[in-house]
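Please look over the sequence and the structure shown here before reading on. The report that comes after them is meant for someone who has not met this structure before.

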Amino acid sequence: MASLTPQMVYDNLLQIDLVDAVKSATYRQQAQEILADLNISLKWRQAIADRLNRANQLLGLLTVTGDDSY
């Protein structure tokens, strides 16, 4: 796999609700890999974590209906 930059991962997370489920899962996995990499600056990891959190919240809002739970 090509080396991912924090900028690429950050940008991909903007697209997460526009792509298919497989690509969305790939973007989430890439974000998790960046978050786990302590060689990535804290600033980048925080920005990616925030964007991933927003994407996860949106997913919950869009997929949970009625008495369902996320």
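What follows moves from the chain as a whole to single residues and their surroundings.

**The chain as a whole**

This is a predicted model, and every value given below was computed from it. The protein chain has 3 helices and 0 strands, and its elements, read from the N terminus on, follow the order α-α-α. Along the principal axes, the C-alpha atoms fill a box of roughly 40 × 20 × 15 Å. Of the 70 residues in the protein chain, 26% are buried, and the accessible surface of the chain comes to about 5,000 Å², with 54% of that surface belonging to carbon and sulfur atoms. When contacts between residues at least 6 apart in sequence are considered, 47% of them join residues that are at least 24 apart.

**The aromatic pair and the charge over its ring**

The structure holds 1 aromatic pair. The partners are Tyr-10 and Trp-44, whose ring centres are 5.8 Å apart, and because their planes stand at 70 degrees, which is over the 60 degrees required, the pair counts as edge-to-face. This pair links distant parts of the chain, since Tyr-10 belongs to helix H1 (residues 6–14) and Trp-44 to helix H3 (residues 42–63), with their positions 34 residues apart in the sequence. Trp-44 has a relative accessibility of 28% and is therefore classed as partly exposed. Tyr-10 has a further partner in Arg-51, whose charged end sits over the tyrosine ring at 3.5 Å from the ring centre.

**Ala-55 and Arg-28**

Which residues does Ala-55 contact, once its neighbours within four places in sequence are left aside? They are Ile-16 and Arg-28. Ala-55 is placed in helix H3, and its relative accessibility of 10% makes it buried, because the limit for that class is under 20%. Its C-alpha atom is 8.2 Å from that of Leu-14, although the two residues are 41 apart along the chain.

Arg-28, for its part, lies in helix H2 (residues 21–36) and also counts as buried, with a relative accessibility of 18%. Leaving aside neighbours within four places in sequence, Arg-28 is in contact with Ile-16, Leu-52, Ala-55, Asn-56 and Leu-59. Ile-16 thus appears among the contacts of Ala-55 and among those of Arg-28. The C-alpha atoms of Arg-28 and Ile-16 are separated by 8.2 Å, with their positions 12 residues apart along the chain.

**Before the first helix, and the surface of H3**

Leu-4 lies in the segment before H1. Not counting residues up to four places away in sequence, Leu-4 touches Val-9, Gln-30 and Ile-34. Between Leu-4 and Ala-49, by contrast, the C-alpha distance is 16 Å, and these two residues are 45 apart in sequence.

Is Asn-53, at 40% relative accessibility, buried or partly exposed? Asn-53, which is placed in helix H3, counts as partly exposed at that value. Its C-alpha atom is 10.0 Å in space from that of Leu-13, and the two are 40 residues apart in sequence.

Leu-58, also in helix H3, has a relative accessible area of 33% and is partly exposed. Together with Leu-61 and Leu-62, Leu-58 forms a nonpolar patch on the surface, and the accessible area of the three residues comes to about 330 Å².

The C-alpha distances mentioned above are gathered here for reference.

| Residue pair | Separation in sequence | C-alpha distance |
|---|---|---|
| Ala-55 and Leu-14 | 41 residues | 8.2 Å |
| Arg-28 and Ile-16 | 12 residues | 8.2 Å |
| Asn-53 and Leu-13 | 40 residues | 10.0 Å |
| Leu-4 and Ala-49 | 45 residues | 16 Å |

How values were computed
Residues numbered from 1 in each chain as written. Predicted model: local features only at pLDDT ≥ 70, side-chain atom pairs only at ≥ 80, totals over all residues. Heavy atoms only, no water. Phe/Tyr/Trp six-rings, centres within 6.5 Å; stacked < 30°, edge-to-face > 60°. Helix = DSSP H or I, 4+ residues; strand = E, 2+ residues; numbered from the N terminus. Buried < 20%, exposed > 50% of the residue type's maximum accessible area, 1.4 Å probe, protein only. Lys NZ or Arg CZ within 6 Å of the ring centre and 35° of its normal. Patch = residues over 30% accessible without salt bridge, like charges linked within 9 Å, V, L, I, M, F, W, Y side chains within 5 Å. Areas by Shrake-Rupley, 256 points an atom, 1.4 Å probe, with all protein chains shown as cover. Salt bridge = Lys/Arg side-chain N within 4 Å of Asp/Glu carboxyl O. Contact = heavy atoms within 4.5 Å.
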